[in-house]
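The exercises below are to be worked with the sequence and the 3D model side by side. Try each task before reading its solution.

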Amino acid sequence: MEFILQNFFNWDIVTQAWPLLLRGFGMTLILMAAVIPVGCIGGLTVALLGQSRFRAVRWMTIIYVDFFRAFPPLVLLIFIYAGLPFAGIDLPAIVSVCLAFLLNSSAYYGEVFRAGIESVGTGQAEAARSTGLSGFQTTTYVVLPQAIRNVLPDLVSNTLEVAKLTSLASVVALPELLYSADMARSVTFNATPIVMAAVLYLVLLWPLVRLLSRIEHGSMSSR
Amino acid sequence: MSDSPILDVQGLRKSYGKLEVLKGVDLAVRERELVFIIGPSGSGKSTLLRCCNRLEESNGGAVIFDGTDITAKSTNINAVRQKIGMVFQSFNLYPHMSAEGNVALALRKVLKRPKAEALERARAALDRVGLSDKAENYPNQLSGGQQQRVAIARALALEPKMVLFDEPTSALDPELVGSVLEVMRDLRTAGMTMLVVSHEMRFAREAADRVVFMDEGHIVEEGPPEQVFGDPQMPRTRDFVSRIDH
Ligand SMILES: Nc1ncnc2c1ncn2[C@@H]1O[C@H](COP(=O)(O)OP(=O)(O)OP(=O)(O)O)[C@@H](O)[C@H]1O
Ligand SMILES: [Mg+2]
């Protein structure tokens with residue numbers, strides 16, 4: 001018992017590591033705030049291109065989505081950060097992370113949005129077009145609101161995955177939460193900072209998990 | 001002037017791949033006329049209607065609406081569609097908007113009316129179909145007949161010169177059909193030009209100025225309802241009418 005407290009829940013270590021972890025937590029928040037919208041917008045773009053009337057464009061989006069869903073995100077990130085410099089492309093860590101997330105999560109978000117768009121009957125767009133709305137207006141005001149509502153649980157669940165995946169940024173030495181915690185661990189020779197990081201992730205993401213299970217139940221009862 | 005047609009379909013052709021669905025259709029609709037299209041399933045009635053506002057692109061011929069060839073690439077089809085309302089068999093109301101929201105959307109986004117004015121006009125249109133007390137209801141809180149009347153209000157709110165109806169009562173329970181037909185009757189009295197695909201033969205007899213019988217992508221026969229139903233000239237019309245009318 002003493003041993004566990006000493007190595008995992010050590011109050012002295014907590015007070016020492018706290019400022020570093022707080023800064024890491026701040027960086028994680030910034031990362032999420034950057035990477036989630038980027039992935040969503042990228043995914044929406046991919047999904048809309050997938051509805052193009054040009055077959056070549058549709059095929060390209062299918063290849064894009066397949067490719068980046070099969071590509072392990074960690075490999076992708078290391079390739080961008082540590083591989084591309086060999087081609088003379090030297091990107092800062094934060095840019096590498098954003099690029100990797102754009103490529104990876106836009107493929108996943110793209111699939112979610114595509115399923116949503118396809119769940120909206122063609123009659124909806126026809127009705128809208130028949131009143132003179134342009135294609136863009138029809139998508140914006142008629143199709144997308146319904147599409148998003150139909151796949152809201154999948155959107156939230158994917159967002160949760162993306163949020164957790166930001167810890168990958170630690171491998172390119174971006175001082176986010178996991179990186180800071182691991183640094184504190186190696187300096188203090190104690191696992192307490194890792195436990196602190198886990199708790200912070202939990203506190204941050206638990207509301208999202210709650211939200212997810214609420215809309216999952218809500219959407220089931222409203223159908 | 002009111003004798004020149006507001007809609008003039010000339011030699012219209014439409015194919016889906018190898019299947020030719022419209023094989024040169026000529027049809028003129030004059031202002032204030034109610035023209036009924038009847039015919040067996042698959043004869044091309046819906047396709048003809050959908051070519052009239054270019055929901056379907058035709059492969060030949062022309063559709064002249066109010067002096068403009070709407071099949072021409074240079075035509076701004078969104079502007080034309082404001083003047084041609086369309087009512088669908090399955091209503092196609094936007095489920096995420098209230099009844100007045102459904103009616104107001106095009107007023108706001110196409111005609112660019114301010115929100116207050118759009119809502120006011122939407123309520124006036126709903127009043128016209130007898131639904132002023134349902135303005136804030138969502139489609140899933142309305143009966144099928146009410147939903148279809150909202151859909152009619154949505155088309156009317158833009159003050160179209162003509163309304164296309166594709167089997168407006170086919171998806172309704174029999175006891176709800178009457179309320180929709182009543183609205184259509186009122187529209188006719190108000191002088192609206194209407195092109196209607198429907199199986200409501202009683203309504204056709206009573207309200208149509210002209211009945212058009214289509215079969216296999218052709219217009220086989222057209223004339224006043226008494227003639228097409230009472231004394232059809234073509235064998236195929238006679239055959240069809242004898243099977244549906246009793
Ligand atoms: N999008 C499409 N792709 C391929 N074929 C189609 C398409 N739409 C219609 N068709 C075919 O065109 C023909 C005419 O269809 P249309 O819907 O115009 O008939 P209709 O007279 O309205 O029939 P109904 O009374 O059953 O509604 C049918 O054979 C149909 O299968
Ligand atoms: Mg039809």
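**Exercise 1. How many residues line the largest pocket, and which of them lie nearest its centre?**

Before starting, note that this is a predicted model, in which local features need pLDDT of at least 70 and side-chain atom pairs count only at pLDDT 80 or more, while totals for chains, interfaces and linings use all residues. Residues are numbered from 1 along each chain as its sequence is written, chains are lettered from A and ligands numbered from 1 in the order in which they are written, and side-chain values use heavy atoms, with hydrogens and water left out.

Solution.
- Step 1: The lining has 20 residues, and Gln51(A), Ala125(A), Arg129(A), Gly135(A) and Thr139(A) lie nearest the centre of the largest pocket. A pocket is, on a 1 Å grid over the protein atoms alone, an open set of points where a 1.4 Å probe fits, with protein on both sides within 12 Å along at least five of seven lines; lining residues have an atom within 4 Å of a point.
- Step 2: Two or more lining residues come from each of α5 (93-118), α6 (122-130) and α7 (135-150) of chain A. Helices (H or I, at least four residues) and strands (E, at least two) are DSSP runs, numbered from the N terminus.
- Step 3: α7(A) gives the largest share, seven residues.
- Step 4: The volume of the largest pocket is about 900 Å³, taken as the space filled by probe spheres set on the points, which are joined across faces, edges and corners.

**Exercise 2. Place strand β7 of chain B among its neighbours: which strands pair with β7(B)?**

Solution.
- Step 1: β6(B), residues 84-87, pairs with β7(B) in the parallel sense over four bridges; pairing requires that DSSP finds at least two bridges between two strands. Gly85(B) has Val163(B) of β7(B) as its bridge partner.
- Step 2: β8(B), residues 193-197, is also parallel to β7(B), over five bridges. Here Asp166(B) is matched with Val197(B) in β8(B) as its bridge partner.
- Step 3: Between β7(B) and β8(B) the chain passes through helix α6(B), residues 174-189, in a right-handed β-α-β crossover. Right-handed means that, with the strands pointing away from the viewer, the path from the first strand over the helix to the second runs clockwise.
- Step 4: Five of the five residues of β7(B) are buried, so the strand is largely enclosed by the rest of the structure. Buried means under 20% relative accessible area, exposed over 50%, and partly exposed in between (1.4 Å probe, protein chains only). Met162(B), Leu164(B) and Asp166(B) are on one side, with Val163(B) and Phe165(B) on the other.

**Exercise 3. Which residues stand opposite Ile37(B) of strand β3?**

Solution.
- Step 1: β3(B) is parallel to β8(B), with four bridges, and Ile37(B) stands opposite Val197(B) there.
- Step 2: Four bridges also join β3(B) to the parallel strand β9(B), residues 210-215, where Val212(B) stands opposite Ile37(B).
- Step 3: Leu34(B), Phe36(B) and Ile38(B) point one way and Val35(B) and Ile37(B) the other, all of them buried.

**Exercise 4. Is Glu159(B) buried or exposed?**

Solution.
- Step 1: Glu159(B) is found in the loop between α5 (144-156) and β7 of chain B.
- Step 2: Its relative accessibility is 55%, so Glu159(B) counts as exposed.
- Step 3: The phi of Glu159(B) is near 50°, a positive value in a residue other than glycine. Most residues other than glycine have a negative phi.
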